[in-house]
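Visitor: Could you take me on a close look at a single part of this structure? I work at the bench, so please go residue by residue where you can.

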Amino acid sequence: MKIAVVGTGHVGLVVGTGLAENGHYVKCMDIDEAKIAMLQAGEMPIYEPGLEELVVRNMEEERLKFTTALDEAVKDVLLIFICVGTPPLPDGGADTSQVFSVVDAIGKAIDGYRIVVNKSTCPVGSTEEIRDRLAESTSQSFDVVVNPEFLRQGSAVDDFMRPDRIVVGCDDVRVEEIMKELYAPFLRTGKPLLLMSIRSAEMAKYAVNAMLATRISFMNEMATLCEAYGADIGEVREGVAADSRIGPAYLFPGIGFGGSCLPKDVVACAKMAEARGLDTHIMKAVSAVNREQQQRFIETILAHYGERIKGKRIAVWGASFKPKTDDLRDGPALHVIDALLEAGAAITVYDPVADRNLAHVYGDRITVVPKNYAALQEADGLVITTEWNEFRRPDYERMGDLMREKVIFDGRNLYTASVLEKAGFRYFSVGRPSV
Ligand SMILES: NC(=O)c1ccc[n+]([C@@H]2O[C@H](COP(=O)([O-])OP(=O)(O)OC[C@H]3O[C@@H](n4cnc5c(N)ncnc54)[C@H](O)[C@@H]3O)[C@@H](O)[C@H]2O)c1
């Protein structure tokens, strides 16, 4: 099929590339000229494992093209995917203005029947608004479908190519058949394509993110209780995860969830409730626990140093909001770095792939180093904010030799307290006894 993808960010680039890899002809469009120029030159604007190879191959085979011209992108295609951002408004509700400006532009550009597929996460009812807006701006016939995206950054290519399920909200049987044909190559593993009403599909996206965030905040609250009562959240987690009614996913305590989706979608869900005069007690609590969790970790660090924090050099391992991505958006690491800078500490960060984004956010306010041990040189402490695999088995002796003060604040519970105690470190982690 011939397809346009409007918005070539973390979702759009993976979606467009994944569709091309499965034999479709895809034109990815974005208003960001620098991003499109990079892609046209075969360079990746984001780090996502496995993506570059697929982009380059599909460009070479002429199934994948990049453009800044919407008219050109939507010419002669059957499907137009919308993958632009829906960031939070100041009040926490979802800002759908990028989606609607794209919809208006599509309406002006199309010269025949199109199926508009919305992948951007929008409040329930938005698809109907998209339909109304399109009807105002074009006399061409069209259908609108909602097809929420569930990929996770860091494993986005794999998630898109082998999804757990595909959700399609649609109210036209012919369009349903086209969506089934489009996604057939992705469902060879036997996973389902779930057809449902448009409003249910919109709600399903929020429900999934709200559930994932709830599991994380729940475990973080349990971790706080463990600290108060001398239990170990790692052991407690094993007891919980082994229960087949619960399962092991998304039960790791830490310094809270971040990224461009979970925090904003939980708040947007609460805002949707408010708009109908309802109260979402769980969503509000999930966000509050998340904020408190990050704050408690920061306070642990500040309490350790007290007045001595000014001028201390603190090493930070990991800056991205999760491993295997260079995305810093709303990441716990940024909150920690900001708080330590404000307290007067000097910060040296090592992250395997986020240097470009760190330079963009902090400029010369922090030092960024290319190797993890280099960050420890003369450091008065190490803060671990992202659980990159390469941090899991460090050489403690080498670390101790480099550091001025042997103290680790581990926001991801990577190490065993007794081992660090033996190596002469003070060690703070989450929901476990400190040594
Ligand atoms: N990032 C994720 O893991 C993820 C997962 C599932 C769903 N989502 C949802 O998907 C949507 C996109 O998220 P993202 O992370 O890819 O955002 P992003 O910020 O990485 O990408 C959005 C892109 O849209 C482009 N854009 C903005 N206005 C445009 C316009 N008028 N015309 C063309 N392009 C335009 C931007 O330049 C940017 O490149 C959001 O609604 C998000 O909630 C994200």
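Guide: Happy to. Before we start, one term: two residues are in contact here when heavy atoms of theirs lie within 4.5 Å. Please keep in mind, too, that this is a predicted model.

Let's settle on helix 10, which spans residues 233–241. Which of its residues are buried? They are Ile-233, Arg-237 and Ala-241. These three cover an arc of only 70 degrees around the axis, which puts them on the same side of helix 10. The general background is friendly to remember: an α-helix has 3.6 residues a turn, so residues three or four places apart point the same way. Turn to the other side of helix 10 and you meet exposed residues, namely Glu-235, Glu-238 and Gly-239.

What lies over the buried side? Part of the cover for the buried residues of helix 10 is helix 9, residues 198–229. Have a look also at the start of helix 10, where Asp-232 brings a side-chain oxygen to within 2.7 Å of the backbone nitrogen of Gly-234.

Helix 9 is worth following further, as helix 9 also packs with helix 12, residues 281–305. The axes of these two helices are 9 Å apart, and the angle between them is about 50 degrees. An angle over 145 degrees would count as roughly antiparallel, one under 35 as roughly parallel, and 65 to 115 as roughly perpendicular; helix 9 and helix 12 are therefore oblique to each other. Their crossing is left-handed. On the helix 9 side, the contact is made by Ala-210, Ala-213, Thr-214, Ser-217, Asn-220, Glu-221 and Thr-224. Helix 12 brings Ile-282, Met-283, Val-286, Val-289, Asn-290, Gln-293 and Arg-296 to that contact.

For a second example of a buried residue, try a loop. Asn-147 sits in the loop between strand 6 (142–146) and helix 7 (156–161). Its relative accessibility is 1%, so Asn-147 counts as buried. The side chain of Asn-147 is joined to that of Tyr-183 by a polar contact of 2.5 Å. Leaving aside neighbours within four places in sequence, the residues in contact with Asn-147 include Phe-81, Val-117, Ile-166, Val-167 and Met-179.

Finally, here is an exposed loop residue: Lys-371, between strand 11 (367–368) and strand 12 (381–384), counts as exposed because its relative accessibility is 56%.

Methods
Residues are numbered from 1 along each chain as its sequence is written. This is a predicted model: local features need pLDDT of at least 70, side-chain atom pairs count only at pLDDT 80 or more; totals for chains, interfaces and linings use all residues. Side-chain values use heavy atoms; hydrogens and water are left out. Buried means under 20% relative accessible area, exposed over 50%, partly exposed in between (1.4 Å probe, protein chains only). Helices (H or I, at least four residues) and strands (E, at least two) are DSSP runs, numbered from the N terminus. The arc is that of the directions from the helix axis to the C-beta atoms. A polar contact is a pair of N or O atoms within 3.5 Å; within protein, one must be able to donate a hydrogen and the other to accept it, and residues adjacent in sequence count only if both atoms are side-chain atoms. Axes are lines fitted to C-alpha atoms, for helices over the stretch in contact, and angles run from 0 to 180 degrees between N-to-C directions. A crossing is left-handed if the near helix is turned anticlockwise from the far one by less than a right angle, and right-handed if clockwise.
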